[in-house]
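Thanks for making the time today. I would like to take you through one model, starting from a single residue and working outwards to the whole chain.

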Amino acid sequence: MAKRKPFVKLQCQECKRINYFTHKSKKADEKKLEIKKFCNWCRKHTVHKEAKR
Ligand SMILES: [Zn+2]
């Protein structure tokens with residue numbers, strides 16, 4: 001049986017676009033990710049949060 005890697009989408013909180021995909025570790029599974037990343041649409045660093053699948 002193939003094991004599916006859990007991955008999450010990271011969504012810019014300003015323009016609501018999905019900019020990044022990242023793998024989620026099992027330990028972080030319960031926590032919602034919140035990472036500051038550069039958004040190509042906002043042209044600046046914004047907070048990216050995990051988007052619901
Ligand atoms: Zn943005």
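**From one residue to the sheet**

Let me begin with Glu 34, which, in what I should stress is a predicted model, lies in strand 3, the stretch covering residues 34-39. Is Glu 34 buried or exposed? Glu 34 counts as exposed, because it has 11 C-beta neighbours inside 10 Å, where the cut-off for being exposed is 12 or fewer.

Setting aside residues up to four places away in sequence, Glu 34 touches Val 47 and Lys 49. Taking the second of these, Glu 34 and Lys 49 are separated by 15 residues in sequence, while their C-alpha atoms are 4.5 Å apart in space. Lys 49, which is in strand 4, also has Gln 11 standing opposite, and that brings us to strand 1, residues 7-12, which pairs with strand 4, residues 44-51, in the antiparallel sense over 4 bridges.

Stepping back to the sheet, we have 4 strands in an open arrangement with the order 2-1-4-3, and the pairing is antiparallel. The edges are formed by strand 2, residues 18-23, and by strand 3, each of which pairs on one side only. From one strand to the next, the twist averages 40°.

For the chain as a whole, the secondary structure amounts to 0 helices and 4 strands, following the pattern β-β-β-β along the sequence. The chain has 53 residues, of which 11% count as buried. Finally, if we consider the contacts between residues at least 6 apart in sequence, 46% of them join residues at least 24 apart.

Terms used. Residues are numbered from 1 along each chain as its sequence is written. This is a predicted model: local features need pLDDT of at least 70, side-chain atom pairs count only at pLDDT 80 or more; totals for chains, interfaces and linings use all residues. Helices (H or I, at least four residues) and strands (E, at least two) are DSSP runs, numbered from the N terminus. A residue is buried if 20 or more other C-beta atoms lie within 10 Å of its own, exposed if 12 or fewer, and partly exposed in between; C-beta atoms are placed from the backbone. Two residues are in contact if their C-beta atoms, placed from the backbone, lie within 7 Å. Two strands pair if DSSP finds at least two bridges between them. Axes are lines fitted to C-alpha atoms, for helices over the stretch in contact, and angles run from 0 to 180 degrees between N-to-C directions.
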